[in-house]
Amino acid sequence: MAAPSPRTLLRLSVAVALLTIALKGAAGWITHSMGLISDAMESFVNLASAVFALAMITIANRPADEGHPYGHHKAEYFSSGFEGILIIAAALAIGWAAVGRLLAPQPLERLGWGMALSVASAGLNAALALLMLKAARVHHSIALEADGRHLMTDVWTSAGVLVGVLAVMLTGWLWLDPLLALAVAANIVREGARLVWRSSQGLMDHALEPAQQAAIQAVLDRFAAEAPDGGVLRFDDIATRRSGQRLFADIHMHVPGQWTLQRAAGLRDALEQALMDAVPGLRVTLQLLPLDMEARAVQATGEGDTR
């Protein structure tokens with residue numbers, strides 16, 4: 001079964017966020033638990049994040065144009081960074097409210113109903129998060145991965161809140177409730193910082209994953225070993241990068257100088273297809289050079305390194 005599209009899942013995420021806001025908000029309202037209220041506040045972040053991610057996915061899927069000849073794929077990284085910033089802002093708001101409740105504890109009410117509503121919302125988030133993380137691997141979507149990881153963090157947050165509320169029920173220690181809310185806020189800050197860092201790395205053209213680089217190298221080694229008619233092939237200056245859902249590789253392909261252009265271009269075409277088969281979604285730029293020649297950019301870099 002094919003994985004749902006990122007836009008379909010993000011639309012579903014918006015609907016689930018609205019539902020969990022209602023469930024968690026009701027749980028916090030009837031119990032007066034700061035832990036449950038903080039959990040509900042994070043659901044507003046889920047909603048804002050899903051709406052923004054949906055907008056960025058729509059932009060990222062636009063075709064290349066005159067002003068953006070390489071496409072709009074990096075828009076997804078703005079979604080991830082925005083979500084991280086929202087998470088941190090929500091954590092600060094939760095922490096502020098929790099400190100006030102810690103200084104002036106309040107009794108909790110109807111905890112059984114509140115916990116039941118929280119469990120229901122956590123179950124919805126867990127199911128959606130697992131679906132989104134699976135689809136993110138298929139579509140190579142950082143926006144989908146960010147939203148899925150945020151939802152999974154929300155699930156663990158809800159689990160921690162429920163344990164804390166249960167502890168309050170068993171011990172009667174009201175200060176546990178706001179203390180737990182502070183722990184929730186700290187955990188949310190950690191996740192938000194991780195998303196902002198991941199987004200910044202994507203905007204700076206991070207290299208492909210080691211497994212993908214290994215697959216590229218394996219294809220190059222195979223072509224070098226199987227060079228036709230005893231010819232010699234050399235590959236160097238391999239550079240890779242990820243841009244949203246797109247993967248790119250730039251490679252210098254050195255061939256014997258006496259080869260005809262048609263022969264060299266034919267082998268380059270076969271290599272390009274083999275690389276795209278080995279790494280789905282890869283776009284390859286292969287620069288043809290004679291064996292005894294380096295590109296000017298490489299020569300300039302070499303001269304700079306000697307100084």
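Q: How much of the chain counts as buried?
A: In this predicted model, 44% of the 307 residues count as buried.

Q: And the accessible surface, how big is that?
A: About 15500 Å² for the chain. Carbon and sulfur atoms account for 65% of that surface.

Q: How many helices and strands are there?
A: Nine helices and three strands. Along the sequence the pattern reads α-α-α-α-α-α-α-β-β-α-β-α.

Q: Where's the largest nonpolar core?
A: That core has 23 residues. Ile216, Phe235, Ile251, Leu271, Leu275 and Leu282 touch the most other members. H7, strand S2 (246–255), H8 and strand S3 (282–290) each give two or more residues to this core.

Q: Is there another core, and which residues are in it?
A: Another core of 19 residues lies apart from the largest one. Its members include Ala91, Ala98, Ala181 and Leu195.

Q: Back to Leu271. What does that leucine contact?
A: Leaving aside neighbours within four places in sequence, Leu271 contacts Val219, Leu220, Phe223, Phe235, Met253 and Leu286.

Q: How do H7 and H8 cross?
A: The axes of H7 (residues 210–225) and H8 (residues 261–278) come within 9 Å and cross at roughly 150 degrees. The crossing is right-handed.

Q: Which residues make that contact?
A: From H7, Ala215, Ile216, Val219, Leu220, Arg222 and Phe223. From H8, Leu267, Ala270, Leu271, Ala274, Leu275 and Ala278.

Q: What classes are they?
A: Eleven are nonpolar, one is charged and none is polar.

Q: New topic: how many contacts join residues far along the sequence?
A: Among contacts between residues at least 6 apart, 76% join residues at least 24 apart.

How values were computed. Residues numbered from 1 in each chain as written. Predicted model: local features only at pLDDT ≥ 70, side-chain atom pairs only at ≥ 80, totals over all residues. Heavy atoms only, no water. Axes fitted to C-alpha atoms, helices over the stretch in contact; angles between N-to-C directions. Helix = DSSP H or I, 4+ residues; strand = E, 2+ residues; numbered from the N terminus. Left-handed = near helix turned anticlockwise from the far one by under 90°. Contact = heavy atoms within 4.5 Å. Nonpolar A, V, L, I, M, F, W, Y, C, P; charged D, E, K, R; others polar. Buried < 20%, exposed > 50% of the residue type's maximum accessible area, 1.4 Å probe, protein only. Areas by Shrake-Rupley, 256 points an atom, 1.4 Å probe, with all protein chains shown as cover. Core = buried A, V, L, I, M, F, W, Y, C linked by side-chain atoms within 4.5 Å.
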